[in-house]
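Biologist: I want the reasoning behind the labels, not just the labels. Can we go through the model together?

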Amino acid sequence: MANSRAKRNVATATHVAMIMDGNGRWAVARGRPRLFGHKRGVETVREIVKSCPDLGISHLTLYAFSTENWKRSKSEVAGLMLLLRRYILKEIAALVERGVRLRFIGRRDRLDASLARLMSSAEQQTAGNDKLNLTIAIDYGGRDELRRAAAAAAADLAAGRVDEITESLIESHLDTAGLPDPDLVIRTSGECRTSNFLLWQAAYSEYDFVDVNWPDFSPELFAQALDGFMTRERRFGAVAK
Ligand code: IPE
Ligand code: IPE
Ligand code: MG
């Protein structure tokens, strides 16, 4: 027993990434439109962000809209974009006050220009903060991010700025450059897949698939997931000690 405890992961997770899934099913189960679930999902985001300092989390990355989510109905996409805009406008003062640094990862070229400007402005306003690094993935796909990073690395090589393409060169061109890799990725709604999230960065992350829809996720369930993380043994390809 003492032996197996010693094998466990004593470090706490400091970077947690979340695939916020299940808003639509949560709403439909209540006879409400999908957008109602997204609205409640924003409330969960607020609570989870607030809970991070107490839980010892320095980096939180949230998957809000994937490169594939454009396939949804026009009205759902427009509703999600409006919720994002409102979240930034409503939360920015509180984020500044609480020392949160806000970043966005993903493509910006397919977003409404005024939303893209709002995102950049929020990033600039919070750039000096370091209590919590909150990263929101919008029009984000791991494959698209890697495609863009590969193109940038190839351009470096062609221009003679580098002699070879290394892992660190690719990393320097990812949207997450400068951020640590996630220790733990949590996906709500019971689905067990990555859906194109942080494909490079999560190579050695622990995964936790939680069986509640995102609107029902809570700081208590987050704390439970973190407790579970501490029982995992991370080997990073080496042999257990
Ligand atoms: C939220 O959950 C994730 C987003 C893409 C915004 P969903 O909208 O995917 O809800 P489900 O999975 O259909 O229930
Ligand atoms: C993943 O959820 C994307 C986000 C949470 C933003 P999806 O609901 O889009 O993923 P699939 O379609 O179930 O794989
Ligand atoms: Mg979903």
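Modeller: A polar contact is a pair of N or O atoms within 3.5 Å. Keep in mind that this model is predicted.

Biologist: What makes the approach of Ser195 to ligand 2 a polar contact?

Modeller: An N or O atom in the Ser195 side chain is 2.6 Å from an oxygen atom of ligand 2. The cut-off is 3.5 Å, so the pair counts. Asn69 passes too, with a side-chain N or O atom 2.9 Å from a ligand 2 oxygen. For Arg72, a polar side-chain atom lies 3.2 Å from an oxygen of ligand 2, so that pair also qualifies. The protein covers 78% of the 390 Å² of accessible area that ligand 2 has on its own.

Biologist: Where does ligand 2 sit, and why is that said of it?

Modeller: Ligand 2 sits in the largest pocket. The word "sits" applies because more than half of its atoms lie within 2 Å of the pocket's grid points.

Biologist: Which residues surround ligand 2, and how do they divide by class?

Modeller: Among them are Ile19, Asp21, Phe65, Asn69, Arg187 and Arg193. The shell has five nonpolar, two polar and four charged residues.

Biologist: Why is the pair of Glu91 and Arg46 called a salt bridge?

Modeller: Their closest N and O atoms are 2.6 Å apart. The limit is 4 Å, so the pair is a salt bridge. Glu91 is in helix α4 (residues 74-97) and Arg46 in helix α3 (residues 34-55). They are 45 residues apart, and the pair links distant parts of the chain.

Biologist: How many salt bridges does this rule give?

Modeller: The count comes to 22.

Technical notes:
Residues are numbered from 1 along each chain as its sequence is written. Chains are lettered from A and ligands numbered from 1 in the order in which they are written. This is a predicted model: local features need pLDDT of at least 70, side-chain atom pairs count only at pLDDT 80 or more; totals for chains, interfaces and linings use all residues. Side-chain values use heavy atoms; hydrogens and water are left out. A residue is near a molecule or strand if one of its heavy atoms lies within 4 Å of it. A polar contact is a pair of N or O atoms within 3.5 Å; within protein, one must be able to donate a hydrogen and the other to accept it, and residues adjacent in sequence count only if both atoms are side-chain atoms. Accessible areas come from the Shrake-Rupley method with a 1.4 Å probe; for residues, only the protein chains shown count as cover. On a 1 Å grid over the protein atoms alone, a cavity is a set of points where a 1.4 Å probe fits but cannot get out, and a pocket is an open set with protein on both sides within 12 Å along at least five of seven lines; lining residues have an atom within 4 Å of a point. Ala, Val, Leu, Ile, Met, Phe, Trp, Tyr, Cys and Pro count as nonpolar, Asp, Glu, Lys and Arg as charged, and the others, Gly among them, as polar. A salt bridge is a side-chain nitrogen of Lys or Arg within 4 Å of a carboxyl oxygen of Asp or Glu. Helices (H or I, at least four residues) and strands (E, at least two) are DSSP runs, numbered from the N terminus.
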